[in-house]
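Hi,

Here's the structure I promised to pass on. Have a look at it first, and then read on for what turned up.

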Amino acid sequence: ARLSGDIKILTVYSLLYLPIILLVIHFPGQILSTFTNHEIAATGNLVFIFASIGLFLFNLGQLALLYGQALKKTQSYIASKAIHSITFFLSCWILVDEYGLEGIALSLIMSSTLYLVINICISLYHHFNLKNYHVQIT
């Protein structure tokens, strides 16, 4: 019962977050000029888009934790958090000299993609181990 509630939360969250990301991708200048001045809006579109995509991927990675959380297996996701942090800081260190703010935003995309993939793999591992466990019991 707990897992189905988490899946409902995941679905609602994804449905609410995706349109925001699509708006950012299609209207970055207009959104940036709403919150900043026109100079930043004119030069920061790519960074804003990349950062938004990176945050979206990170949030999907966070949502992938729900399965493990429902199974009380949250400790198995600690490594993915550490890998995400290390990957983000190392890629920032490498990319910021060459690409500046765009490098930081690209680092966020790369580390968040890795975080999402690792969390999905961990959740799939728990899912299939749980199924095998139930098969052994019956």
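Let's start on the outside: Ile86, Leu90, Trp93 and Ile94 make a nonpolar surface patch of about 490 Å². Bear in mind that this is a predicted model. If you want to find the patch in your viewer, Ile86 sits in helix 6, which covers residues 78–99.

Helix 6 also holds Ser91. Is Ser91 buried or exposed? Its relative accessible area is 9%, so it counts as buried, the cut-off for that being under 20%. Leaving aside residues up to four places away in sequence, Ser91 is in contact with Ser107 and Met110.

Now for the aromatics. Searching the whole structure gives two aromatic pairs. One of them is Phe58 with Tyr115: the ring centres are 5.0 Å apart and the planes are at 15°, so this pair is stacked; the angle has to be under 30 degrees for that. As you know, the distance of the centres and the angle of the planes are what describe a pair of aromatic rings.

What I'd look at next is where the two partners come from. Phe58 belongs to helix 4 (residues 45–63) and Tyr115 to helix 7 (residues 101–137), so to speak a link between distant parts of the chain, with the two residues 57 apart.

How does the cover compare for these two rings' residues? Phe58 has 23% relative accessibility and therefore counts as partly exposed, whereas Tyr115, at 1%, counts as buried.

Cheers

Note on methods. Residues numbered from 1 in each chain as written. Predicted model: local features only at pLDDT ≥ 70, side-chain atom pairs only at ≥ 80, totals over all residues. Heavy atoms only, no water. Patch = residues over 30% accessible without salt bridge, like charges linked within 9 Å, V, L, I, M, F, W, Y side chains within 5 Å. Areas by Shrake-Rupley, 256 points an atom, 1.4 Å probe, with all protein chains shown as cover. Salt bridge = Lys/Arg side-chain N within 4 Å of Asp/Glu carboxyl O. Helix = DSSP H or I, 4+ residues; strand = E, 2+ residues; numbered from the N terminus. Phe/Tyr/Trp six-rings, centres within 6.5 Å; stacked < 30°, edge-to-face > 60°. Buried < 20%, exposed > 50% of the residue type's maximum accessible area, 1.4 Å probe, protein only. Contact = heavy atoms within 4.5 Å.
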